[in-house]
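Work through the exercises below with the model open. Try each task before reading its solution.

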Amino acid sequence: MNREQAWAIVVEHVQSDSLRKHMQSVEIAMRAYAAHYGEDPESWGLVGLLHDFDWEIHPTLEQHPMDGAPILRERGLDEEDIRTILSHGPMAERVTVRDKALYAVDELTGLITAITLVRPSKNIADVTVKSIRKKWKDKAFAAGVDREDIEKGTAALGVDLWEFHVPMVLSAMQARAADLGLDGQAAS
Ligand SMILES: [Fe+2]
Ligand SMILES: [Fe+2]
């Protein structure tokens, strides 16, 4: 499956612009991690782009992401890519570095997006690691983002949260700000 085919699956199943952007953010972070580890950015990006494709049709953790697997299989996605997508579920086992990277970046991209969109500029260029750290400690902010999950995911991946992981994901998203709608275009 190529990116164009994966995007068609996203567009078909996901109507929410913010969910589409979330999946693009995870794709971008996964591509950055693939480059870091010398792995294939296409397949790493693909699992990021598709990981929540079934959330609107399977909006509970009893269904998502498990019930999406047959659809992806029917569309011709590789079994190993399907397995990685399934591994981001809360109870799933994360085996490969790619599985661990997907889990570690998933919620962090959401936090970075939320931090960008509360700034008057709505521009991710204005977001710093320091500002993320501040909001990280403010548990009432983006309360749905489980900080502990990100910490556990980062530890499982074997990278330092503040020295490596957060700067890495932030800079990857900053480099694609316009595609993510985080370049200030949302400012009124
Ligand atoms: Fe998910
Ligand atoms: Fe996600």
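Donors are N, O and S atoms within 2.8 Å of the metal (3.2 Å for Na, K and Ca); water is not among the atoms, so sites may look incomplete. This is a predicted model, in which local features need pLDDT of at least 70, side-chain atom pairs count only at pLDDT 80 or more, and totals for chains, interfaces and linings use all residues. Residues are numbered from 1 along each chain as its sequence is written, chains are lettered from A and ligands numbered from 1 in the order in which they are written, and side-chain values use heavy atoms, with hydrogens and water left out.

**Exercise 1. The metal site**

Find the protein donors of the iron ion (ligand 1) and give their spacing in sequence.

Solution.
- Step 1: Asp52 (OD), His64 (NE2) and His88 (NE2) are the donors, at 2.1 to 2.2 Å from the iron ion (ligand 1).
- Step 2: Along the chain, the donor residues follow the pattern D-x11-H-x23-H.
- Step 3: Aspartate 52 also bridges to the iron ion (ligand 2); the two ions are 4.1 Å apart.
- Step 4: Place the residues. Aspartate 52 sits in the loop between α3 (41-50) and α4 (69-74), and histidine 88 in the loop between α5 (79-86) and α6 (97-118). The two are 36 residues apart, so the pair links distant parts of the chain. Helices here are DSSP runs (H or I, at least four residues), as are strands (E, at least two), numbered from the N terminus.

**Exercise 2. Buried or exposed?**

Classify aspartate 52 and histidine 88 as buried or exposed.

Solution.
- Step 1: Set the cut-offs. Buried means under 20% relative accessible area, exposed over 50%, and partly exposed in between (1.4 Å probe, protein chains only).
- Step 2: Aspartate 52 has 9%, so it is buried.
- Step 3: Histidine 88 has 7%, so it is buried too.

**Exercise 3. Helix α6**

Compare the span of α6 with its expected value, then look for a kink.

Solution.
- Step 1: The expected span is 1.5 Å times one less than the number of residues.
- Step 2: For the 22 residues of α6 this gives 32 Å. The end C-alpha atoms lie 33 Å apart, which agrees.
- Step 3: A kink of about 25° is centred on valine 105. The bend at a residue is the angle between axes fitted to the seven residues ending there and the seven starting there.

**Exercise 4. Helix packing**

How do α5 and α6 pack, and how do α2 and α3 cross?

Solution.
- Step 1: Axes are lines fitted to C-alpha atoms, for helices over the stretch in contact, and angles run from 0 to 180 degrees between N-to-C directions.
- Step 2: The axes of α5 and α6 are 9 Å apart, at an angle of about 40°.
- Step 3: Angles under 35 degrees count as roughly parallel, over 145 as roughly antiparallel, 65 to 115 as roughly perpendicular and the rest as oblique. α5 and α6 are therefore oblique.
- Step 4: The axes of α2 (residues 17-37) and α3 come within 7 Å and cross at roughly 155°. That makes α2 roughly antiparallel to α3.

**Exercise 5. Backbone oddities**

Which bond is cis, and which residues other than glycine have a positive phi?

Solution.
- Step 1: The peptide bond between histidine 64 and proline 65 is cis, with omega about 0°. Proline 65 lies in the loop between α3 and α4.
- Step 2: Lysine 122 has a positive phi of about 50°. Its place is the loop between α6 and α7 (129-137).
- Step 3: Alanine 142 has phi near 45°, in the loop between α7 and α8.
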